[in-house]
Each structure stands twice: as structure tokens, then as C-alpha cells.
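Please look through the structure below before reading on. The paragraphs after it are meant for a reader who has not seen it before.

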Amino acid sequence: PSANHTVFAFCPSEDLRRLREIGLLPPNSTSKLLGDQAWIDLQHRPWGLGHWPSLQLVARHALNLEMDKDLRSSDWNHRPLTPGQISYAALDASVLLKLAEINAKNADIDQLE
């Protein structure tokens with residue numbers, strides 16, 4: 001990531017591990033560096049759902065969306081990915097973008113108050 005874009009994530013420890021594993025992030029990078037790398041972990045935003053809410057819970061609360069998370073623990077190392085895995089990943093990405101929009105609107109409202 002660079003200053004030209006932001007990466008939205010939700011509890012990105014597994015994402016970071018995989019990116020380090022394939023050489024896209026330095027081996028010593030940690031989640032503590034996310035702020036310096038233009039990453040925003042949406043799990044840590046004030047959703048009013050406790051300290052570590054799941055993406056499924058936040059999507060239900062903020063978007064009125066039920067997410068089927070059955071494929072979360074499928075074999076993501078096997079290639080090619082299944083059509084179900086691709087749909088699952090696309091849904092996760094679209095939900096993160098919608099949550100980022102809501103988070104930005106809430107931040108704008110907070111600044112006005």
C-alpha cells in the first residue's frame with residue numbers, strides 16, 4: 001500500500017500472513033504497522049458491538065445483511081479457487097467497501113458534533 005490508496009481490512013492477521021508469505025510485505029511486518037501503511041482495520045471502528053465483533057455481526061448490524069461464512073475455513077491454498085470461494089471473497093470485499101463508506105459518514109458526523 002502507498003499514500004495513493006487505502007486498504008480496508010477486517011481483522012487482517014491472516015491477510016498479512018499470506019502477503020508476507022508470498023513476498024508482498026516485508027517478513028517482519030505486523031498488524032501494528034497497518035496505520036503507517038494506509039491500512040484501516042474496520043473491526044476496530046466504533047460499531048457498538050463489543051471489542052472484537054465479527055464481520056458477520058457488523059454486516060448484520062450496519063448493513064442489515066446476513067453473510068454465509070461457511071467457506072471461511074475452506075482450503076484457500078488450493079488452486080484454482082472454487083466458484084464459491086471467489087463469490088465469498090467478492091462479498092467480503094464489497095461488504096468492506098460499504099462498511100468503509102458508513103465509517104466515513106459516521107466520522108464526518110462526529111466531527112460536526
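What follows goes from the overall fold to the core, the pocket, an aromatic pair and some details of the backbone.

The model shown here is a predicted one. The protein has three helices and two strands. Read from the N terminus, these elements come in the order β-α-β-α-α. The chain has 113 residues, and 25% of them count as buried. Contacts can also be sorted by how far apart the partners are in sequence. Among the contacts in the protein with a separation of 6 or more, 56% are between residues 24 or more positions apart.

The core comes next. Which residues make up the largest nonpolar core? Eleven residues belong to this core: Phe-10, Leu-42, Trp-47, Leu-55, Val-58, Ala-59, Met-67, Val-95, Leu-96, Leu-99 and Ala-100. Two helices, α2 (residues 55-63) and α3 (residues 83-112), each supply at least two residues of this core. Helix α3 gives the most, with four residues.

Phe-10 is a member of this core, and its surroundings can be followed in some detail. Leaving out residues up to four places away in sequence, Phe-10 touches Asp-41, Leu-42, Gln-43, Pro-53, Ser-54, Leu-55, Val-58 and Leu-96. Among these partners, Leu-42, Leu-55, Val-58 and Leu-96 are themselves members of the largest nonpolar core.

Phe-10 also appears in the description of the largest pocket, where Phe-10, Glu-14, Asp-15, Tyr-88 and Asp-92 are the lining residues closest to the centre. The space in this pocket is about 1200 Å³, and 31 residues line the pocket. Sorted by class, the lining has 17 nonpolar, six polar and eight charged residues. Strand β1 (residues 7-9), helix α1 (residues 13-21), α2 and α3 each supply at least two residues of the lining. The element that gives the most to this lining is α3, with six residues. Helix α3 thus appears in both accounts, giving the most to the largest nonpolar core and the most to the lining of the largest pocket.

Tyr-88, one of the residues closest to the centre of the pocket, leads on to the aromatic rings. How many aromatic pairs are there? The count comes to one. In general, such a pair is described by the distance of the ring centres and the angle of the planes. Here the rings are those of Trp-76 and Tyr-88, with centres 5.6 Å apart and planes at 45°, so the pair is tilted. An angle under 30 degrees would count as stacked and one over 60 as edge-to-face. Trp-76 lies in the loop between α2 and α3, while Tyr-88 lies in helix α3, so the pair ties together parts that are twelve residues apart in sequence.

Are the two partners buried or exposed? Trp-76 is buried, because its relative accessible area is 17% and buried means under 20%. Tyr-88 has 11% relative accessibility and therefore counts as buried too.

Gln-85 is placed in helix α3 and, with a relative accessible area of 4%, is buried. Apart from residues up to four places away in sequence, Gln-85 touches Leu-71, Ser-74, Asp-75 and Trp-76. Trp-76 is thus a contact of Gln-85 as well as the ring partner of Tyr-88.

The loop between α2 and α3 also holds Pro-80. A cis peptide bond joins Arg-79 and Pro-80, with omega about 0°. Asn-64 lies in this loop as well. The phi of Asn-64 is positive, near 55°, although Asn-64 is a residue other than glycine. Asn-64 is exposed, with a relative accessible area of 70%. A positive phi is also found at Cys-11, again not a glycine, with a value of about 50°. Cys-11 belongs to the loop between β1 and α1 and counts as partly exposed at 41% relative accessibility.

The last residue to consider is Leu-63, in helix α2. Leu-63 is partly exposed, with a relative accessible area of 23%. Beyond its neighbours within four places in sequence, Leu-63 is in contact with Val-58, Val-95, Lys-98, Leu-99 and Ile-102. Leu-63 and Lys-98 are 35 residues apart in sequence, and their C-alpha atoms are 8.0 Å apart in space.

How values were computed:
Residues are numbered from 1 along each chain as its sequence is written. This is a predicted model: local features need pLDDT of at least 70, side-chain atom pairs count only at pLDDT 80 or more; totals for chains, interfaces and linings use all residues. Side-chain values use heavy atoms; hydrogens and water are left out. A nonpolar core is a set of buried Ala, Val, Leu, Ile, Met, Phe, Trp, Tyr and Cys residues joined through side-chain atoms within 4.5 Å. Buried means under 20% relative accessible area, exposed over 50%, partly exposed in between (1.4 Å probe, protein chains only). Contact means heavy atoms within 4.5 Å. On a 1 Å grid over the protein atoms alone, a cavity is a set of points where a 1.4 Å probe fits but cannot get out, and a pocket is an open set with protein on both sides within 12 Å along at least five of seven lines; lining residues have an atom within 4 Å of a point. Grid points are joined across faces, edges and corners, and a volume is the space filled by probe spheres set on the points. Ala, Val, Leu, Ile, Met, Phe, Trp, Tyr, Cys and Pro count as nonpolar, Asp, Glu, Lys and Arg as charged, and the others, Gly among them, as polar. Rings of Phe, Tyr and Trp (its six-membered ring) pair if their centres lie within 6.5 Å; planes under 30 degrees apart count as stacked, over 60 as edge-to-face and the rest as tilted.
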